[in-house]
Amino acid sequence: MTSSSPRNFTLADFDFQLPEALIAQHPCAERSASRLLDGTAGAPVDRIFRELPSLVLPGDLLVFNDTRVLKARLFGEKPTGGKAELLIERVLQGQEVVAHVKVSKKPPIGTMLQMAGGFHATLLGRWPDAQGPLFRFRLDGPASETPFELMERHGHMPLPPYIERQQQHENAGDAAEDERRYQTVFARAPGAVAAPTAALHFDDAVLVALAARGVERASVTLHVGAGTFQPVKTGNLAEHRMHAEWYSIPAETLAAIQRCRQRGGRVVAVGTTTVRTLESWAQSGQTEGETRIFITPGFAFQVVDLLLTNFHLPKSTLMMLVSAFAGYERVMALYRHAIAQGYRFFSYGDAMLLARCAPIALA
């Protein structure tokens, strides 16, 4: 549910100038050695991520997204010899998948693409309907491998579009690094085409320190789609339609949230995907399903008290989410500080810790 905000925000409000040099092209040498901007109160404080356990309290609950990134980028050729690239967005039943397609000219239904690795991808139609933006394929390998197995053997990590290098065979060194680092240390449920990037900073030492601090851990699953990188194209935010993503919250996590509330602890969401999952449940009461939740300033948060997040793209829905959570003016000030101090931005960049602001009064 969304309350009225005294300010009528437009897309331009969430724009900012970012020096290209601050877009991280590679991860920090050590996960927990990345920087952490503490924006929870007062003046911003520049920290190192491994300091996080000192910023949460005994009895708090950290909630992670345990989705696992698929090696979802597949390369191949059309029957004409033209290059083709698939980005698998979702695995359906049997051998069918939903994908984004990059080709010089869209092939007709029934076209069989020859994919690198010796399997075929047959175009069955558009998805989710005849006018849908994505495409439905059937993947057929010589050994009746599942789509998950084919991607694991022949696919490449689906790096965000702002990371300039492409993960193909000639980039074997980078590919090996990305298979390890564009994945959280606790990734479990395969299905994402983008990493829950705030969680990339955690390593075993930080997790051990959090447990010693008396901080409980729980997890949800939201399979991040490629739509997370799509820019908002309408100045009127009410006209934007969010992409759908599948989520699930186990009963153990709901019980952990209840225990946290009973002992007076705070729910700390690791990443915007965790926020979207928990607040979708709070709105709908559904512990599993599709969410198109669009969080903008004025949104009434019901579950999350603190948010750990990376720095996001200008004019993105995630900029709107963090502004709704911590307050628009505060977030923009923190971003100005981060740019001035040379923080690294986006998926392989640094992190920020935010506290939920007071609800905006109805106009």
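**View 1. The largest nonpolar core of this predicted model has 66 residues.** Inside this core, the residues with the most contacts are Tyr182, Leu278 and Phe345. Several elements chip in two or more residues: strands S3 (61-65), S12 (216-222), S14 (267-270) and S17, along with helices H4 (251-262), H5, H6 and H7. H6 gives the largest share, seven residues. Look elsewhere and you'll find a second, separate core of 23 residues, with Ala72, Leu74, Phe119 and Leu150 among them. As a rule, nonpolar side chains in soluble globular proteins tend to be buried together.

**View 2. Helix H6 (residues 317-326) is mostly covered.** How many of the 10 residues of H6 are buried? The count is 10 of 10, and the run goes Thr317, Leu318, Met319, Met320, Leu321, Val322, Ser323, Ala324, Phe325 and Ala326. The cover over these residues includes two helices, H5 (272-284) and H7 (328-340), plus two strands, S16 (306-310) and S17 (351-355). Right after H6 comes Gly327, with a positive phi near 100°.

**View 3. Helix H4 keeps its buried residues on one face.** Thr253, Ala256, Ile257 and Cys260 are the ones to pick out here, as they are buried. Looking down the axis of H4, the buried residues fall within an arc of 100°, so they line one face of the helix. They pack against S3, S12, S14 and H5. Flip to the face turned away from that buried side and you meet Ala251 and Gln262, which are exposed. The length of H4 checks out too: 12 residues at 1.5 Å a residue should span 16 Å, and the end C-alpha atoms sit 17 Å apart, which agrees. Just past H4, Gly264 takes a positive phi of about 80°.

**View 4. Asn310, in strand S16, has polar partners for its side chain.** Is Asn310 buried or exposed? With 1% relative accessibility, Asn310 counts as buried. Its side chain makes a polar contact of 2.8 Å with the side chain of His201. A polar atom of the Asn310 side chain also lies 3.1 Å from the backbone oxygen of Phe346. Setting aside neighbours within four places in sequence, the contacts of Asn310 include Thr197, Ala198, Tyr335, Ser347, Gly349, Asp350 and Ala351.

**View 5. Phe345 sits among ring neighbours and others.** Not counting residues up to four places away in sequence, Phe345 touches Phe16, Leu18, Leu22, Ile23, Ala24, Phe311, His312, Tyr335, Ala338 and Ile339. Phe345 also belongs to a cluster linked by ring pairs, together with Phe16, Tyr162, Phe311, Tyr335, Tyr343 and Phe346.

**View 6. Phe49 and Phe202 make an edge-to-face aromatic pair.** The model has 18 aromatic pairs by count. In this one, the rings are 5.1 Å apart centre to centre, with 85° between the planes. The partners come from distant parts of the chain, 153 residues apart: Phe49 from the loop between strand S2 (45-48) and S3, Phe202 from the loop between strand S11 (189-192) and helix H3 (204-213). Phe49 is buried, at 0% relative accessible area, and Phe202 is buried at 0% as well.

**View 7. Phe299 and Phe301 form another edge-to-face pair.** Here the ring centres are 4.9 Å apart and the planes meet at 70°, so the pair is edge-to-face. Phe299 counts as buried at 7% relative accessibility, and Phe301 counts as buried at 12%.

Notes. Residues numbered from 1 in each chain as written. Heavy atoms only, no water. Buried < 20%, exposed > 50% of the residue type's maximum accessible area, 1.4 Å probe, protein only. Helix = DSSP H or I, 4+ residues; strand = E, 2+ residues; numbered from the N terminus. Contact = heavy atoms within 4.5 Å. Polar contact = N/O pair within 3.5 Å; in protein donor to acceptor, adjacent residues only side chain to side chain. Core = buried A, V, L, I, M, F, W, Y, C linked by side-chain atoms within 4.5 Å. Expected span 1.5 Å × (residues − 1). Arc of directions from axis to C-beta. Phe/Tyr/Trp six-rings, centres within 6.5 Å; stacked < 30°, edge-to-face > 60°.
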